[in-house]
Amino acid sequence: MLYECTLIVLSRMLWAVAVSLVIFLCSLGYGGIVNSILSSNFWIPLARINYTTYIWHLVWLNVRILALEKVLRFTTIQIVLEASGIFALIFCSSISIAAI
């Protein structure tokens, strides 16, 4: 029981420390194959799309929320439709903006 509790408490912190250590070692030039994979040009388009999605999702969510004229009553199908529609809108706009 104590082992499981300790693992639950420390797992996220240890993961963050491990990722930070990898980043630190790569910045010093000791990353080896990990550094060459992470610094590959393959990641540039994906990073642009990811960052654009991060920036635009709040804008589109605020536009959607502020455009409401009444209080929504959420059902499972409505949540799925709203989420998939907003995701498609955000992702398509992010791809088109990141391509510029």
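This is a short talk on the helices and a nonpolar surface patch of one predicted model.

Before the details, please note that residues are numbered from 1 along each chain as its sequence is written, and that side-chain values use heavy atoms, with hydrogens and water left out. Since the model is predicted, local features need pLDDT of at least 70 and side-chain atom pairs count only at pLDDT 80 or more, while totals for chains, interfaces and linings use all residues.

Let me start with helix α1, residues 2–28, where helices are DSSP runs of H or I with at least four residues, numbered from the N terminus. Its 27 residues should span 39 Å at 1.5 Å a residue, and the end C-alpha atoms lie 38 Å apart, which agrees; the expected span is 1.5 Å times one less than the number of residues. Helix α1 nevertheless has a kink of about 40° centred on Leu10, the bend being the angle between axes fitted to the seven residues ending there and the seven starting there. After α1 comes Gly29, with a positive phi near 95°.

Turning to helix α2, residues 33–38, we find Ile33, which counts as exposed because its relative accessibility is 62%, and Val34, which is partly exposed at 37%; buried means under 20%, exposed over 50%, and partly exposed in between, with a 1.4 Å probe and protein chains only. The C-alpha atom of Ile33 is separated by 35 Å from that of Cys5, 28 residues away along the chain.

Note on methods: Helices (H or I, at least four residues) and strands (E, at least two) are DSSP runs, numbered from the N terminus.
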